[in-house]
Amino acid sequence: MSIPGSHEAFARIGCDIGGTFTDVAAVDAEGRLHIGKRLTTHGNEHQGVIQAIQDTAVDLASPDLIVAHGTTLVINSLLERHGANVALVTTLGFPDVIDVGRGNRSDIFNMRFRRSPPLIADTMRFEVDERMNGDGSLDRAPSNEALAALAERLRQAGAEAVAIGFLNAYANPANEDAVAAFLRAALPDVPVTTSSSISRQWREYERFTTAAANAYIAPVFQRYLGRLTGGLEQDGFSGEFIVLDSSGGAMTVDSARRQPVRAVESGPVGGVIGARSLAHDLGIANLVALDIGGTTAKSTLVENGDYATRDLYWIGGEKQGFPLQVSTVDILEVGVGGGSIARIDERGALQVGPRSAGSKPGPACYGLGGTQPTLTDANLYCGRIDKDHFAGTFSLDIAAAETAIARVAAEGGMSPDRLALGIIRLACLQAASTVRRQTLERGNDPRDYTLLASGGAGPLHACEVAVEVGIDRVLIPRFPGHYSALGMLSANLRQDRREQMVQDIDTLSPQAVRELLDRAASDLTGELGGTGEMRGEALAFRYSVALRFAGQEHVLWIAPPAAGLDVPDDFAACFRRAFETEYLRRYGHLDKLSRVETAEVQVIAERPLPPVSVDFTDAADGTWGENLSLWGEGEGVRIATPIIPRSTLKEGDRFAGPAVLHEVGSTTAIPPGATAEVLRGGAILVDVRHVRGGSAPA
């Protein structure tokens, strides 16, 4: 993967914390790649990052070094409810907004349905006599006496963080800003989050839950960043530290401290950035990026050189969880990964995941105390993983995997071979479900896509997932087990701003749109370009408009025909045509009688950081071997399978399956019937058109 550009190459490090492994990819000033991998140190995640960076032996004292970091700490803290004692300050009469939600019952046929409780208990909600009108005009502001009393109540309640959510603050944040300034002065050690500082969109419930979540994790994330950056500084680090943003860019460490909720999907985003870059390099128009790690399988579409984003992210699922009103890459995920535990349920059926063995105790074959069979154990049992070339730091215990598989097989009344193949088959079916939801269920033909596999377990299962979905080609990049960390090497600083603009498109003046874009661009320049914190090129801007038919609640985001902030003089006609085309493609019908109206405008500012160029060429290391592997050709039938060090392959090489390729951090399984070719840059393209579906024996 190379990042085009004529600027000097600065050294950069990408760090990705996953549920099982912590991965580091470091590039020095000459473009040489250094890889580090450690088991994630849960509870002290910063230690695993520092150890993995130390393993790369990169000189941290280089003043030009940039460290880009993505982590699952934010999402895990919210899911596991490991956060601060948070107080909500809200408009008088509205403390129950986060309880009421949307006022619906999302699982209507479940008589025992219960929504997950809010992050903030009702005893920690405090009301303020203030009111902002819906048009943004001020009705009344809180008095200083009331705010002084509020600060004292917060102090007595032991609030460790404060979230402020006022009605109509999206239209005018003046009251939120004034209260926040007062509380920061009165309670200097307590982080304060305003809903309008994160989102300027309507829907009070979503804004309030987003502010609550940000405040809930702020103290935890700030402590973590302090330990991590402090540890790096002890090792001589003096460069720049950035944190991946869930929308596909990066933010400065100060922004991450203020708005950690923006990093909710910061780990997987790195892989998506890498997928977009590789698609550009190889001239591939449409990709499905499938990332299977130790805990989850995630998929994202990269179409025509870019990926889609969404403005709502649900913690704990849409039925029972709560929403975050932050921009995130459109990632779908399911709870299956290399560490997913296999079991026989009360009905006698095989289940794989969503519970994971994680890094402690890990799969049985890790030899760290785990006794339950996992997807990794099944692959090792079937001979699809070489025990001495797995993670680079330890060898695997085949006997422990066999014992775990045999025990559960006996519970299910089947042979160990059948159970192991069944575990793999069921995991592939679950991973395939995310790909179907983003292709077939959205009107996209899977045959138009190439499946890019990443993550430690992605290349092990990608071929079978592709066959199941109907995709003909699978792309395996170099070092797929570190692909999220590699993708972080090309992340740029990014900020976005959304503004409400509800108006009939035919009556909307192009000049009014230009003025709104100019205001937003000016604000974003102050946040990204005016501080001088980071090296990089001048800011690049782009925008999109949310459109809908009058009377609808939801919107379609439409990009302009030209790059930048150019607003065409025929704004209404131009955007109407694009909206109707997309609406017809997505929904199959069109309402020609209804008016089209704008709802929101989004402006994105991006500051490109100095590009890096990665040299993937490395000396051939290791010799070919052979193993007897299970591929579903029949129960008990093992096929002679070459075990190939990936570093021995070169551009233009072709070979047929079955084959197992190993490299640092990942193993690739190429089933019988598939053919593979090594492309320029070392990526492998696998043709799976002649692979039979399914891995379980007949």
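**Figure 1. Phenylalanine 21 is a buried ring, with a relative accessibility of 13%.** Buried here means under 20% relative accessible area, so 13% puts phenylalanine 21 in that group. Everything in these views comes from a predicted model. The partner to look for is tyrosine 366, also buried, with a relative accessible area of 8%.

**Figure 2. A search of the whole structure turns up eight aromatic pairs, and this view picks one of them.** Phenylalanine 21 and tyrosine 366 make a tilted pair, with 6.2 Å from centre to centre and 55° between the planes. Phenylalanine 21 belongs to strand β2 (residues 21–27), while tyrosine 366 is in the loop between β22 (350–356) and α10 (375–381), so the pair ties together parts that are 345 residues apart in sequence.

**Figure 3. Phenylalanine 549 and tyrosine 583 pair up edge-to-face.** Their ring centres are 5.0 Å apart, and the angle between the planes is 75°. Find phenylalanine 549 in strand β26 (residues 540–549) and tyrosine 583 in helix α16 (residues 571–587): the parts that this pair ties together are 34 residues apart in sequence. How buried are these two rings? Phenylalanine 549 has a relative accessible area of 3%, and tyrosine 583 comes in at 8%, so both count as buried. The pair also has company, since Phe549, Phe579, Tyr583 and Tyr587 form one aromatic cluster.

**Figure 4. Two arginines lie over the faces of aromatic rings.** Arginine 478 sits over the face of phenylalanine 479, at 4.5 Å from the ring centre. Arginine 638 does likewise with tyrosine 381, this time at 5.4 Å from the ring centre.

**Figure 5. The largest cavity in the model has a volume of about 70 Å³.** How many cavities of 30 Å³ or more does the structure hold? There are two. Around the largest one you'll find Pro268, Gly271, Val272, Ala289, Leu290, Asp291, Lys298, Thr300, Ile331, Leu452 and Ser454. Four elements each give two or more residues to this lining: α9 (266–282), β13 (286–292), β14 (297–303) and β23 (450–454). Sort the lining by class and you get six nonpolar, three polar and two charged residues.

**Figure 6. The second largest cavity has a volume of about 30 Å³.** Its lining is made up of Ile292, Val336, Leu375, Ala427, Cys428, Ala431 and His461. Which helix gives the largest share of this lining? That's α12 (residues 416–438), with three residues. By class, six of the lining residues are nonpolar and one is polar, with no charged residues at all.

**Figure 7. Helix α9, one of the elements that line the largest cavity, is mostly covered.** Of the 17 residues in α9, 14 are buried. From first C-alpha to last, α9 reaches 25 Å, which is close to the 24 Å expected at 1.5 Å a residue. Follow the chain on just past the helix and you meet glycine 283, which takes a positive phi of about 70°.

Terms used
Residues are numbered from 1 along each chain as its sequence is written. This is a predicted model: local features need pLDDT of at least 70, side-chain atom pairs count only at pLDDT 80 or more; totals for chains, interfaces and linings use all residues. Side-chain values use heavy atoms; hydrogens and water are left out. On a 1 Å grid over the protein atoms alone, a cavity is a set of points where a 1.4 Å probe fits but cannot get out, and a pocket is an open set with protein on both sides within 12 Å along at least five of seven lines; lining residues have an atom within 4 Å of a point. Grid points are joined across faces, edges and corners, and a volume is the space filled by probe spheres set on the points. Ala, Val, Leu, Ile, Met, Phe, Trp, Tyr, Cys and Pro count as nonpolar, Asp, Glu, Lys and Arg as charged, and the others, Gly among them, as polar. Rings of Phe, Tyr and Trp (its six-membered ring) pair if their centres lie within 6.5 Å; planes under 30 degrees apart count as stacked, over 60 as edge-to-face and the rest as tilted. Buried means under 20% relative accessible area, exposed over 50%, partly exposed in between (1.4 Å probe, protein chains only). A charge sits over a ring if NZ of Lys or CZ of Arg is within 6 Å of the ring centre and within 35 degrees of the ring normal. The expected span of a helix is 1.5 Å times one less than its number of residues.
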